[in-house]
Amino acid sequence: QIMLYLFHPSKCSSAYYLEVMPKWMESWRNVDRCPEYDYLWMVMFSRTRKYIHPRDHDWGALRRHLLTQCGYWLQIPFGGVSSDKSFPHAAQAGKRSFPSRLKAFVGTGSKYEEGIDFVGRVTKLLMFCSGPHTTTEANDAGMGSEEPTLSEGTAELLSFLKFVKPYFNPSNTGSWTFPLG
């Protein structure tokens, strides 16, 4: 993936991007819990979004993957612990990272700069993926209808924000406190 990131042209035809995007999504899904790789994939998809009209591709798969990954990146706990000792308890999944000697090729800055850039990428991609993506959705969004409707992507994003909201309560502290801040 690092080789793809380093040597892939930053501008290609929309037909090319439409062909490779499903392959990229499959590759990205095969490596989980690795923020460095996630960042590189977000850069690749950010380049792609510039050359594909939103209605020419279903961005839902990317949006859902980003929202799923946001739970991990924000370190929000999933699942729970039962007092029933007969119920198996799984350990937390470990975090992965690519080797430090490869980080030099990617040119990462300080942790702070890295984090700010990461959040910027996620935000841009989520906003792009949240808008209307079908002709029907675009035509229904306030044109000729009494009430404006939300796109599917906007509804999913709002649902995620409702899910995260309880973790912003000052009395609710845990491993997620610092990442959410």
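This note sets out points on confidence, the nonpolar core and one helix pair in a predicted model.

1. Residues are numbered from 1 along each chain as its sequence is written. In this predicted model, local features need pLDDT of at least 70 and side-chain atom pairs count only at pLDDT 80 or more, while totals for chains, interfaces and linings use all residues; side-chain values use heavy atoms, leaving out hydrogens and water.

2. The protein has a mean pLDDT (the predictor's confidence in each residue, from 0 to 100) of 77, and 70% of its residues reach 70 or more. Among the elements (helices, H or I, of at least four residues and strands, E, of at least two, taken as DSSP runs numbered from the N terminus), helix 2 (residues 14-29) has the highest mean pLDDT, 93, and helix 7 (residues 135-140) the lowest, 48.

3. The largest nonpolar core (buried Ala, Val, Leu, Ile, Met, Phe, Trp, Tyr and Cys residues joined through side-chain atoms within 4.5 Å; buried means under 20% relative accessible area, with a 1.4 Å probe and protein chains only) has 37 residues. Helix 3 (35-49) gives the most to this core, with seven residues.

4. Leu66 is one of the residues with the most contacts inside the core. Leaving aside residues up to four places away in sequence, Leu66 touches (heavy atoms within 4.5 Å) Trp28, Met42, Trp73, Leu125 and Leu126.

5. The axes of helix 4 and helix 8 (lines fitted to C-alpha atoms over the stretch in contact, with angles from 0 to 180 degrees between N-to-C directions) come within 11 Å and cross at roughly 5°. The two helices are therefore roughly parallel to each other (an angle under 35 degrees).

Terms used:
Buried < 20%, exposed > 50% of the residue type's maximum accessible area, 1.4 Å probe, protein only. Parallel < 35°, antiparallel > 145°, perpendicular 65-115°, else oblique.
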